[in-house]
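Thanks for coming. I will go through one structure this morning, starting with a sheet and working outwards to the helices, the cores and a few single residues.

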Amino acid sequence: MEENITMYINPYDYAEGKSGKWLRCNFHAHAGTGPGTCGSLGLYDVIDSYSASNYDVLMISNHDIYTDTSRCANIAMIQGVEYSTHPHMLTVGVREALTGTHQEVIDKTREMGGFVILCHPNWMRKNYLDEKSQERFYGYRGIEVLNPVIYRLSGSGFACDVWDSLLSKGKLAYGFGNDDFHIWFDLGKSWNRIFSQSTDYEDIKDSVNAGCFYVSTGLDLDYLRLENDSIRVKAKYMRETYVDEFDYAFIGANGKLLKRSRGKDALYTISGNEMYIRVEVTSEEGFKLFSQPIYKQGLFSEP
């Protein structure tokens with residue numbers, strides 16, 4: 001069975017032996033564009049509120065407008081823009097609103113040292129990010145598997161179905177969770193917990209490219225290890241509490257449930273036939289955690 005493990009890559013191994021911390025990050029927020037717009041709330045009011053809510057990193061991603069936040073000092077700011085031709089995309093790490101086709105914008109973003117996240121794949125209708133787009137776009141980093149603002153608009157903010165579809169085609173798309181902040185009600189609903197050696201953009205990008213992050217709505221990852229013939233995982237609350245049992249679900253290709261268990265931690269024994277295994281954790285009050293996939297070498301390429 002030992003030979004099976006050598007076939008799999010655990011993205012969380014990236015953190016082993018490195019100094020750093022797990023940063024709380026949101027890449028999708030709108031602010032500072034004036035009354036009657038998606039970013040109607042004050043830019044510095046929104047940034048200060050994220051800082052006060054214990055976020056480490058924030059990106060203001062206004063629709064087709066670059067908002068310079070590089071001088072904001074009370075929280076690490078990443079520069080970026082939301083490209084708003086349907087389907088929407090976050091262009092992370094760029095300092096201008098890019099134009100052109102989707103693929104041209106993805107290519108330009110990468111040339112400028114950034115990366116792209118495809119937004120809210122099930123907004124308005126199932127498969128807002130349709131099959132044709134899934135097939136023809138390439139070079140992006142991942143998709144929003146959770147975007148809670150959609151639940152007060154139309155459609156579903158949950159997109160693990162699209163994520164599993166991409167992964168099952170051999171596309172190593174990572175899952176992101178973002179607030180998509182527009183009004184105060186949206187703050188703190190979903191975030192990315194990223195291991196990084198600093199809050200500098202290049203360090204964060206390196207961690208994102210390695211897949212060393214997870215999506216959370218209220219849980220932290222204590223560990224997710226690949227050892228011997230098994231995946232061992234343990235979640236915990238962000239706060240101090242005696243409650244330490246959670247529901248763990250191990251998900252495989254095409255969204256198949258491979259195993260479900262409840263306890264202080266969970267164990268999944270790999271058969272060697274799995275294309276990938278990702279973990280979803282749920283607390284008693286419904287908080288969620290979504291891991292990136294542990295995946296078999298040789299079966300995946302950049303999406």
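**Sheets, helices and cores**

I start with one residue pair: the bridge partner of Gly142 in strand E9 is Tyr174. Please keep in mind throughout that this is a predicted model.

That pair belongs to strands E8 and E9, which are joined by four bridges and run parallel. Strand E8 spans 142-146 and strand E9 spans 174-177. Where do the residues of E9 point? Tyr174 and Phe176 go one way, Gly175 and Gly177 go the other way, and all are buried. As background, side chains in a regular strand alternate between the two faces of the sheet.

Now the sheet as a whole. It is open, it has five strands in the order E5-E6-E7-E8-E9, and its pairing is mixed. Strands E5 and E9 are at the edges with a single partner strand each, so one side of each has no neighbour in the sheet. From one strand to the next, the twist averages 30 degrees. While E8 and E9 are parallel, E6 and E7 run antiparallel and are joined by four bridges. One residue to look at there is Leu90, whose bridge partner in E7 is Ile117.

Two helices pack on this sheet. Helix H3 touches E5, E6 and E7, and its direction makes about 20 degrees with that of E6. Helix H6, residues 201-210, touches E6, E7 and E9, and its direction makes about 125 degrees with that of E9.

Let me stay with H3, residues 102-111. Which of its residues are buried? They are His102, Gln103, Val105, Ile106 and Thr109. These residues lie on the same side of H3, because the arc they cover around the axis is only 160 degrees. The general point is that an α-helix has 3.6 residues a turn, so residues three or four places apart point the same way. Besides strands E5, E6 and E7, the buried residues of H3 pack against helix H4. After H3 comes Gly113, with a positive phi near 90 degrees.

Helix H5, residues 160-168, is mostly covered, with eight of its nine residues buried. Among them are Trp163, Asp164 and Leu166. What do the buried residues of H5 pack against? The list is helix H4 and strands E8, E9, E14, E17 and E18. H5 is followed by Gly170, again a residue with positive phi, near 85 degrees.

H5 also matters for the count in the next item, the nonpolar cores. The largest one has 46 residues, and Phe27, Val92, Tyr140 and Ile143 have the most contacts inside it. H5 gives the largest share of this core, five residues. Take Tyr140: beyond its neighbours within four places in sequence, its contacts include Ile106, Val116, Leu118, Leu166 and Pro303. A second, separate core has 26 residues, including Tyr12, Leu224, Ile231 and Ile277.

Ile231 leads to another sheet, since Ile231 stands opposite Tyr268 in strand E16. Strand E13, residues 230-237, is joined to E16 by four bridges, and the two run antiparallel. The sheet is open, with three strands in the order E12-E13-E16 and antiparallel pairing. Its edge strands are E12 (219-227) and E16 (266-269), each of which pairs on one side only. Here the twist averages 15 degrees from one strand to the next.

Next, the cysteines. How many disulfides does the structure hold? Zero. For Cys25, the nearest cysteine sulfur is that of Cys212, 12 Å away. Cys25 counts as buried because its relative accessibility is 1%. For Cys119, the nearest cysteine sulfur belongs to Cys38, also 12 Å away. Cys119 is buried too, with a relative accessible area of 1%.

I finish with two loop residues. Ser61 sits in the loop between strand E3 (57-59) and strand E4 (76-78). Is Ser61 buried or exposed? Its relative accessibility is 0%, so Ser61 counts as buried. Setting aside neighbours within four places in sequence, Ser61 is in contact with several residues, among them Phe27, His28, Val81 and Leu90. The other residue is Leu153, in the loop between E8 and H5. Leu153 counts as partly exposed because its relative accessibility is 46%. Its C-alpha atom is separated by 8.2 Å from that of Trp123, and the two residues are 30 apart along the chain.

Definitions and conventions: Residues numbered from 1 in each chain as written. Predicted model: local features only at pLDDT ≥ 70, side-chain atom pairs only at ≥ 80, totals over all residues. Heavy atoms only, no water. Buried < 20%, exposed > 50% of the residue type's maximum accessible area, 1.4 Å probe, protein only. Contact = heavy atoms within 4.5 Å. Disulfide = S-S within 2.5 Å. Arc of directions from axis to C-beta. Core = buried A, V, L, I, M, F, W, Y, C linked by side-chain atoms within 4.5 Å. Pairing = 2+ DSSP bridges. Axes fitted to C-alpha atoms, helices over the stretch in contact; angles between N-to-C directions.
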